[in-house]
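Take a walk through this fold, one element at a time. Keep the viewer open and follow along.

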Amino acid sequence: MQNENNIDQNLNCPMVKFIKLISGKWAIPILYRLIIINEPIRFGELKRAISPITQKELTKQLRLFEQKGLISRKLYPEVPPKVEYQITELGKTLKPALNSIASWMKQHEKELL
């Protein structure tokens, strides 16, 4: 019984929920790039900017972020189809947290080796 309560508490922990949201290897680089760019970007451009990410992984992460409301996707009715992605206002609220993580990494990188 106590073990089940611990599992429930872990699933409700804000940090566990956050890690689940950004748990993909490429999640933070994708979000951070979109935050920094802060304008619409086409799939191919984003893929090149985050190289060597695979098309499959980028598509998977973008779909998840779109479902969560962190990015928007705009499809233009052209041939071939043109799709642009952009960080949403909700997604932009991650900037201070991601900046903090980046600063911490820069400050402590040598200690971690």
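Asn38 sits in the loop between α3 and β1. The model is predicted, and its backbone is worth a look here. Phi of Asn38 is near 55 degrees, a positive value in a residue that is not glycine. Most residues other than glycine have a negative phi, and most peptide bonds are trans. Is Asn38 buried, partly exposed or exposed? Asn38 counts as partly exposed because its relative accessibility is 37%.

Two peptide bonds also call for attention. Ser51 and Pro52 are joined by a cis peptide bond, with omega at about 15 degrees. Pro52 has its place in the loop between α4 (43–49) and α5 (55–68). The second case is the bond from Val79 to Pro80, which is cis as well. Its omega is near -5 degrees. Pro80 belongs to the loop between β2 and β3.

That loop leads into the sheet. In which order do the three strands lie? The order is β1-β3-β2, in an open sheet with antiparallel pairing. The edge strands are β1 (41–42) and β2 (71–76), and each of them pairs on one side only. Strands of a sheet pair through backbone hydrogen bonds, either parallel or antiparallel.

Now take the pairings in turn. β1 is joined to strand β3 (residues 82–87) by two bridges, and these strands run antiparallel. On this side, Arg42 stands opposite Glu84 in β3. How many bridges join β2 to β3? There are six bridges between β2 and β3, again with the strands antiparallel. Tyr76 has Lys82 in β3 as its bridge partner. Ser72 faces Gln86, also a residue of β3. Five residues make up the hairpin connection from β2 to β3.

Next, look at what packs on the sheet. Helix α3 (residues 27–37) lies across β1, β2 and β3. It runs at about 85 degrees to β3.

Move on to helix α4, where Leu46 is found. Is Leu46 buried or exposed? Leu46 is buried, because its relative accessible area is 0%, and the cut-off for buried is under 20%. Which residues does Leu46 touch, leaving out those up to four places away in sequence? The contacts are Arg33, Leu34, Ile41, Leu58 and Leu62. Place these on the elements already met. Arg33 and Leu34 fall within helix α3, which covers residues 27–37. Ile41 is in β1 (41–42). Leu58 and Leu62 fall within α5 (55–68). There is also a pair to check by C-alpha position. Leu46 and Ile30 are 16 residues apart along the chain, and their C-alpha atoms are separated by 8.0 Å.

Finish on the surface. Trp104, Met105 and Leu112 form a nonpolar patch there. Together, these three residues have about 310 Å² of accessible area. Met105 is part of helix α7 (residues 95–112). How does Met105 count, buried, partly exposed or exposed? Met105 counts as partly exposed, because its relative accessibility is 36%. The cut-offs behind that label are under 20% for buried and over 50% for exposed, with partly exposed in between.

Terms used:
Residues are numbered from 1 along each chain as its sequence is written. This is a predicted model: local features need pLDDT of at least 70, side-chain atom pairs count only at pLDDT 80 or more; totals for chains, interfaces and linings use all residues. Side-chain values use heavy atoms; hydrogens and water are left out. Patches are made of residues with over 30% relative accessible area and no salt bridge: like charges are joined within 9 Å, nonpolar side chains (Val, Leu, Ile, Met, Phe, Trp, Tyr) within 5 Å. Accessible areas come from the Shrake-Rupley method with a 1.4 Å probe; for residues, only the protein chains shown count as cover. A salt bridge is a side-chain nitrogen of Lys or Arg within 4 Å of a carboxyl oxygen of Asp or Glu. Helices (H or I, at least four residues) and strands (E, at least two) are DSSP runs, numbered from the N terminus. Buried means under 20% relative accessible area, exposed over 50%, partly exposed in between (1.4 Å probe, protein chains only). Two strands pair if DSSP finds at least two bridges between them. Contact means heavy atoms within 4.5 Å. Axes are lines fitted to C-alpha atoms, for helices over the stretch in contact, and angles run from 0 to 180 degrees between N-to-C directions.
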